[in-house]
Amino acid sequence: MTRSFSRSQTMLAEALGVIPLGTQTFSKSTTQYPAGVSPHFVDHAKGAVVTDVDGNDYVDFNNALASVTLGHCDPDVSAAVIEQIGKGTIFPLAHPLEIEVAELICELVPCAQKVRYGKNGSDATAGAIRAARAFTGRDRVATCGYHGWQDWYIGATARNKGVPRATSELTSIFAYNDAASLEKLLQAHPGEFAAIILEPMNVYFPKDGFLQQLRNLADEHGVVLVFDETITGFRYANGGAQELFGVTPDLACFGKGLANGYPLAVVAGRSDIMAEFEEVFFSFTMGGETLSLAAAKASMTKFRDQKIANRLNETGKSIMEGTQALIDKHGCGEFLSLAGHPSWSFLLIGDCNGYSSWETKTLWLQEIMERGILSLGTHNVSASHGKAEVEKLLSVYDEVFPLLREAVHEKAMAQYLRTAPLEPLFKVR
């Protein structure tokens with residue numbers, strides 16, 4: 001029986017009348033969720049399950065774009081927030097939670113000597129770049145990965161409409177796992193680069209000492225090395241990817257799962273570079289908002305004391321091993337593969353037999369959502385995922401993978417698709 005998304009469709013039409021794209025985030029919009037076969041609005045969530053406005057339940061492997069690390073409505077986080085609500089949210093002066101959370105970050109994160117807060121990952125990365133430019137007196141930035149919506153980064157992508165060309169020209173892109181591509185940039189503009197910023201890992205593991213090579217190049221050229229750990233922070237290890245891989249950047253940026261979905265982001269790093277925040281303007285009315293800080297304190301305490309990163313890793317290994325076995329079982333290796341860290345793994349869908357990856361992905365999305373799984377192509381593991389949730393995911397894949405194989409190999413995509421295929425948003429990795 002096909003699920004009904006009638007209320008979602010009605011609300012989407014209403015939303016489009018007053019909100020561009022109908023929502024606040026590209027990755028929650030119809031650019032990512034195919035029309036007519038997807039939910040568009042969630043009513044509530046608990047643990048590993050979200051319920052849409054039509055009453056359909058899903059095991060959530062999206063987890064608000066990896067910002068929910070412990071699970072929805074974690075009781076310890078909720079209790080901390082509820083207690084703080086009774087005391088107030090934002091004040092005319094600083095609050096002790098600002099110190100307490102900063103001290104926890106400095107305890108857990110190798111590079112962290114001082115800390116500043118923002119609300120989104122884009123705040124943190126933009127702040128890090130501004131501090132690096134102030135510290136070095138240089139303008140150019142070398143980047144690798146996705147770093148948010150601010151002009152300094154997005155101007156170097158296909159989504160650069162509205163960004164001054166002069167700003168875009170200051171950002172250059174280098175290739176992941178290719179230190180030579182970065183070295184070429186540094187040599188082409190000697191003494192001009194302020195910062196090297198990258199996601200220390202997303203789809204693929206660093207290889208051949210790649211991160212250490214970047215550390216060496218940064219030191220050699222006097223450039224500030226920034227790790228964007230918006231997703232990897234407190235997920236790969238308590239101290240993030242820098243702890244896991246043993247390479248310490250000068251600055252690091254955190255967000256998403258830091259506060260289990262509450263809006264908080266962080267720039268942390270060396271004291272001498274962080275001192276620039278006393279001069280550069282990086283100031284937010286809501287920068288010291290206490291509900292998110294209370295959530296972060298409760299979340300990080302659990303990360304530290306309950307070895308949450310280890311649990312995510314073990315659950316993720318079960319997902320990756322089980323998924324790979326099903327790819328092999330159903331003969332889907334021509335167009336399906338796995339990559340990433342177990343706590344944040346990717347089901348990669350490739351072009352095959354005349355079909356684009358986007359056509360096959362649309363069918364995959366249609367079929368997993370029909371069966372009660374929510375994902376956009378990644379397995380963003382939370383501590384609420386247990387054996388039952390993993391078994392549910394794998395049972396769905398056991399049904400959907402042979403369907404995908406038939407659609408691709410037998411040229412039957414049109415027979416199965418009940419919607420128009422998605423089109424790419426823009427390539428960031």
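I looked up Cys-111 and found that it counts as buried, at 3% relative accessibility, where buried means under 20% relative accessible area with a 1.4 Å probe and protein chains only. Cys-111 is in no disulfide, and the nearest cysteine sulfur, that of Cys-106, is 8.9 Å away; I took a disulfide as a pair of cysteine sulfur atoms within 2.5 Å, and by this rule the count comes to 0. Cys-144 is likewise buried, with a relative accessible area of 6%, and the sulfur of Cys-253, the nearest cysteine sulfur to that of Cys-144, is 14 Å away.

I note that this is a predicted model, in which local features need pLDDT of at least 70 and side-chain atom pairs count only at pLDDT 80 or more, while totals for chains, interfaces and linings use all residues. Residues are numbered from 1 along each chain as its sequence is written, and side-chain values use heavy atoms, with hydrogens and water left out.

Next I turned to the nonpolar cores, each a set of buried Ala, Val, Leu, Ile, Met, Phe, Trp, Tyr and Cys residues joined through side-chain atoms within 4.5 Å. The largest has 78 residues, and Ile-105, Tyr-117, Met-300, Trp-364 and Phe-401 are those with the most contacts inside it. Helix α15 (residues 387-409) gives the most to this core, with 11 residues; helices here are DSSP runs of H or I, at least four residues, and strands are runs of E, at least two, numbered from the N terminus. Apart from this core lies another, of 24 residues, including Ala-131, Ile-154, Ile-197 and Ala-265.

I then checked the one cavity, and kept the grid rule beside it: on a 1 Å grid over the protein atoms alone, a cavity is a set of points where a 1.4 Å probe fits but cannot get out, and lining residues have an atom within 4 Å of a point. The count comes to 1 cavity of 30 Å³ or more, and the largest has a volume of about 50 Å³, a volume being the space filled by probe spheres set on the points, which are joined across faces, edges and corners. Among the residues lining this largest cavity are Leu-12, Leu-21, Lys-28, His-40 and Phe-41.

Last came the second largest pocket, a pocket being an open set with protein on both sides within 12 Å along at least five of seven lines. Its volume is about 530 Å³, and of its 22 lining residues Lys-28, Val-42, Val-50, Ala-64 and Leu-374 lie nearest its centre. The largest share of that lining, 4 residues, comes from β1.

Key: Buried < 20%, exposed > 50% of the residue type's maximum accessible area, 1.4 Å probe, protein only.
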